[in-house]
Amino acid sequence: MDIFSYKNLYRCYLDCRKNKRNTINALRFEINTEENLLRLERELKNKTYNPSHSILFAARKPKLREIFAADFKDRIIHHLLVSELEKIWGKVFIYDTYACRKGKGTHKAMLRLRSFLNRVSKNRKVRAYYLQLDIKDFFTSIDKYILFSLVKKRISDPDILWLTEKILFWDCTTSFVLRDRKEIINEIPSNKSLFGKDNKRGLPIGNLTSQFFANIYLNKLDQYVKHSLKACYYIRYVDDFVILSTDREQLFTWQNEIEHFLKEKLNLTLHPRRRKLQPISNGIDFLGYIIRPQYVLVRNRVINSLRAKMREFKNNPKKLRDSIQSYVGHFRWANSYRLLKKLNLVETSK
């Protein structure tokens, strides 16, 4: 199959525009869709394709972050590459990794973790514990050379390898348009930024390829936890992962072994202040929920975020409605009737 065919590009274009159709770059592309896709096809087949300038800005919430947003035409290419990588890596990934995968996502991850809680505790008859860890400065710490070596072990197609290398090693810090106040960008800590990494480490947050590359990178961790440590109850969403056991000391030992493995094999470090080893009865703060065996609550930060949006959009009915519906969609997966009633959103949830 010709992965750079017009037909394939058009399919990826349709996927890409679902959530970006009203953006300026998407509208510009759509004016001459056929011509633009034909140009992309030629560039890919001739190996002359280069990504365009990214848009650099800072996301303020929940914390200050550096965002390099890819151009719309590059997002099409990202969809193309990920669709090809998925064919190979979808068979390699463990079942219980939930980010950037078809049929997975945050809600499936939450439900799976809750089922794990009941299984490990034998429906709350046995005392059990959870170990929750995440990786310090994950996206800006990914070693590009280690990542590319992992890709090459599974991919033999020269076109896919060329495109992977092109996107992975494209230095967005030398090719961007600033769409924010420079003083805000300068406030971003160096460890949270791609600047100063000499294009050896770090992936731009938000790109579809970055999210999928993250799964490839941490697949090595997943395989180690499942097959070397033989942890039965393990779940990961991006760099936030949880392991359950009835043996507290076993979890503590695994934490030390995981820390050593990440440093030696992936050049990564566990976040020193985000290590939790507690009874599962305390509830697990995971993906915007507090998860316990018998029920699930919405995290306070999410509730406060909704209240802030309600104040911000009180004079804009459309934005207010869209924002509320988005949050209510999140709340529906929890035991949230009293919360919805308190916020006067019971009718919205129906």
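Which residues of strand 3 are buried on one side and which on the other? Tyr-129, Leu-131 and Leu-133 are buried on one side, and Tyr-130, Gln-132 and Asp-134 on the other, as view A shows.

A few notes before the views. This is a predicted model, where local features need pLDDT of at least 70 and side-chain atom pairs count only at pLDDT 80 or more, while totals for chains, interfaces and linings use all residues. Residues are numbered from 1 along each chain as its sequence is written, and side-chain values use heavy atoms, with hydrogens and water left out.

**View A. Strand 3, covered on both faces.** Helices (H or I, at least four residues) and strands (E, at least two) are DSSP runs, numbered from the N terminus. Strand 3 spans residues 129-134, and six of its six residues are buried, so the rest of the structure largely encloses it. Here "buried" means under 20% relative accessible area, "exposed" over 50%, and "partly exposed" in between (1.4 Å probe, protein chains only). In a regular strand the side chains alternate between the two faces of the sheet. Two strands count as paired if DSSP finds at least two bridges between them. Strand 3 pairs with strand 6 (residues 240-245) in the antiparallel sense, over six bridges. It also pairs with strand 7 (residues 276-279), again antiparallel, over four bridges. Tyr-129 is a handy residue to start from: its bridge partner in strand 6 is Ser-245, and in strand 7 it is Pro-279.

**View B. Strand 1 with strand 2 and strand 4 as partners.** Strand 1 (54-59) is mostly covered, with five of its six residues buried. Strand 1 and strand 4 run parallel, joined by three bridges, and Leu-56 sits opposite Leu-178 of strand 4. With strand 2 (65-69), strand 1 pairs in the antiparallel sense over five bridges. On that side, look for Ile-55 opposite Ala-69. A hairpin takes the chain from strand 1 to strand 2 through five residues.

**View C. Helix 1 and its buried side.** Helix 1 takes in residues 6-17, which makes 12 residues, and its first and last C-alpha atoms are 16 Å apart, close to the 16 Å expected at 1.5 Å a residue. That expected span is 1.5 Å times one less than the number of residues. Asn-8, Leu-9, Cys-12, Tyr-13 and Cys-16 are its buried residues. They share one side of helix 1 because they cover an arc of only 140° around the axis, the arc being that of the directions from the helix axis to the C-beta atoms. An α-helix has 3.6 residues a turn, so residues three or four places apart point the same way. The cover over these buried residues includes helix 2 (24-31), helix 3 (33-45) and helix 4 (72-89).

**View D. Salt bridges between distant parts of the chain.** A salt bridge here is a side-chain nitrogen of Lys or Arg within 4 Å of a carboxyl oxygen of Asp or Glu, and the whole structure has 20 of them. Lys-47 and Asp-159 meet in one, at 2.8 Å from N to O. This pair ties the loop between helix 3 and strand 1, home of Lys-47, to helix 8 (residues 158-168), home of Asp-159, 112 residues apart. Lys-47 is partly exposed at 34% relative accessible area, and Asp-159 is partly exposed at 23%. Arg-60 and Asp-180 form another, at 2.6 Å from N to O. That pair is 120 residues apart, with Arg-60 in the loop between strand 1 and strand 2 and Asp-180 in the loop between strand 4 (176-178) and helix 9 (182-187). Arg-60 is partly exposed, at 41% relative accessible area.

**View E. Asp-71, buried without a salt bridge.** Asp-71 is in the loop between strand 2 and helix 4. The nearest side chain of opposite charge is Lys-73, 5.8 Å away; for this purpose Lys and Arg count as positive and Asp and Glu as negative, while His and the chain ends are not counted. Beyond its neighbours within four places in sequence, Asp-71 is in contact (heavy atoms within 4.5 Å) with Asn-25, Ser-52 and His-53.
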